Amino acid sequence: MKSGAVSCNGWVAAAALLLMSACFLKVQSQAPSTALVPAIITFGDSTVDVGNNNHLSTIFKANFPPYGRDFKNHEATGRFCNGKLATDITADTLGFTAYPAAYLSPQASGKNLLIGANFASAASGYYDGTALLYHAISLPQQLEYYKEYQSKLASVAGSTEAATIISEALYILSTGSGDFVQNYYINPYLNKLYSPDEFSSILVGSFTNFINELYKLGARRIGVTTLPPLGCIPATITLFGQGSNGCVARLNSDAQSFNKKISSAVNSLTKKLPKLRIAIFDIYQPLYDLVTSPSKSGFFEARRGCCGTGTVETTVVLCNPKSVGTCANATGYVFWDSVHPSEAANQILADSLIIEGIVLIS
Ligand SMILES: *[C@@H]1O[C@H](CO)[C@@H](O)[C@H](O)[C@H]1NC(C)=O
């Protein structure tokens, strides 16, 4: 009892110190930005795409209502959400007053590049075949764009300042769900070729390559999200749940085993790359808790998304301006469409993201 109290006090003191140093950093780097990191650079899929797919010929787009209806100016930016993504909320928390632009958008130019850029593309994945299948931007191509960004940044900021931005920026990588849900589980060829475990290993191999490349390009603070509970997503329950309304255990177990592999890959990377700070953002547990006990966090609906039928469409085709049945207020819904969390759920994911990411910014 007593030692519990002591360690709790110790924890509070540590947290207070962290906050104090965070405030100190804020004061130190007053101009021009008061954010805790100079820039945020994002790679991945629809969980973090802020509009790159608007500029591609793919069916995976979200630049029409009702997407974005709770976003600033009710704008459908291309985010797969009614409002903010978890990473938008993280940017708010870190002190950003604007969001890094989608790299393929006209906004990604001039001084806007100073706060970073977003290279993510809905329907992309760790497995290049997933992006290829849906005409999305693969991770190697996202890296090519990032190299291009670096030279543009150098011409805007000068090479010294650009180098500082590159090494102090927060890098976020969030992908992998589509490799399973939109590829492996429905692709007889991949299914025959690999067990889920073998497929996971291939994905994690691609992850390791990606981090090595990113490190070579100067990244030092990287956060990577885990897979969510793949079996608890409305669309996967409908497609793979065999009529049951509960989470699909087989899919969740695939996600957990993938997450273990990512975690040991992160440990190896840490040993190999001396200046790398890397954190795992666990999406699995907070989302699993939300889906299995929604009311504990003030939600009332976890089985169907707010938009459209909210239960089956794995593409966005059925969540569109003509969708029938879209809910009036997404606040109580864990999912916005049949695949993507609502802004309200993203708020909860962002809370745990910032706790797990504190090692990257302190
Ligand atoms: C949705 O409901 C929440 C909680 O009941 C409320 O705070 C919010 O203002 C509502 N939003 C809209 C757009 O009606």
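**Exercises on a predicted model**

Q242 sits in the loop between helix 9 (234-240) and helix 10 (249-272). We'll start there, keeping in mind that this is a predicted model.

**Exercise 1. Find out what is unusual about the backbone at Q242, and decide whether the residue is buried or exposed.**

Step 1: look at phi. For Q242 the angle is positive, about 50°, although the residue is not a glycine.
Step 2: recall the usual case. Most residues other than glycine have a negative phi.
Step 3: count neighbours. Q242 has 7 other C-beta atoms within 10 Å, and 12 or fewer counts as exposed. So Q242 is exposed.

**Exercise 2. Go to the loop between strand 1 and helix 2 and work through N73 and P66.**

Step 1: place them. N73 lies in this loop, and P66 is found there too, between strand 1 (40-44) and helix 2 (86-93).
Step 2: check phi of N73. The value is near 60°, which is positive in a residue other than glycine.
Step 3: check its surroundings. With 7 other C-beta atoms within 10 Å, N73 is exposed.
Step 4: turn to the peptide bond joining P65 and P66. This one is cis, with omega about 5°. Most peptide bonds are trans.

**Exercise 3. Work out how strand 4 is placed: which strands does it pair with, and which way do its residues point?**

Step 1: take one neighbour. Strand 1 runs parallel to strand 4, and five bridges join them.
Step 2: take the other pairing. Strand 4 also runs parallel to strand 5 (residues 221-225), this time with four bridges.
Step 3: use L173 as a marker. In strand 4, L173 stands opposite F43, and its bridge partner in strand 5 is V224.
Step 4: sort the side chains. L170, I172 and S174 point one way, Y171 and L173 point the other way, and all are buried.
Step 5: conclude. Since five of the five residues of strand 4 (residues 170-174) are buried, the strand is largely enclosed by the rest of the structure.

**Exercise 4. Which residues of the largest nonpolar core touch the most other members, and which helix gives the core its largest share?**

Step 1: pick out the residues. The core has 102 residues, and A169 and Y171 touch the most other members.
Step 2: find the helix. Helix 8 (residues 196-216) supplies the largest share, seven residues.
Step 3: list what A169 touches. Leaving out residues up to four places away in sequence, these are V37, P38, A39, I40, I41 and G116.
Step 4: set this against the general picture. In soluble globular proteins, nonpolar side chains tend to be buried together.

**Exercise 5. Describe how helix 11 packs on helix 12, and what covers its buried residues.**

Step 1: get the geometry. Helix 11 (residues 284-292) and helix 12 (residues 343-356) pack at about 145°, with axes 9 Å apart. The crossing is right-handed.
Step 2: name the contact residues. Helix 11 brings P286, L287 and L290, while helix 12 brings A345, I348, L349 and S352.
Step 3: classify them. Six are nonpolar, one is polar and none is charged.
Step 4: check burial. Y284, P286, L287, L290 and V291 are buried in helix 11, and their cover includes helix 10 and helix 12.

**Exercise 6. Put the whole protein into a few figures.**

Step 1: the secondary structure comes to 13 helices and six strands.
Step 2: of 362 residues, 48% count as buried.
Step 3: among contacts between residues at least 6 apart in sequence, 70% join residues at least 24 apart.

Conventions
Residues numbered from 1 in each chain as written. Predicted model: local features only at pLDDT ≥ 70, side-chain atom pairs only at ≥ 80, totals over all residues. Helix = DSSP H or I, 4+ residues; strand = E, 2+ residues; numbered from the N terminus. Buried ≥ 20, exposed ≤ 12 C-beta atoms within 10 Å, placed from the backbone. Contact = placed C-beta atoms within 7 Å. Axes fitted to C-alpha atoms, helices over the stretch in contact; angles between N-to-C directions. Left-handed = near helix turned anticlockwise from the far one by under 90°. Nonpolar A, V, L, I, M, F, W, Y, C, P; charged D, E, K, R; others polar. Core = buried A, V, L, I, M, F, W, Y, C linked by C-beta atoms within 7 Å. Pairing = 2+ DSSP bridges.
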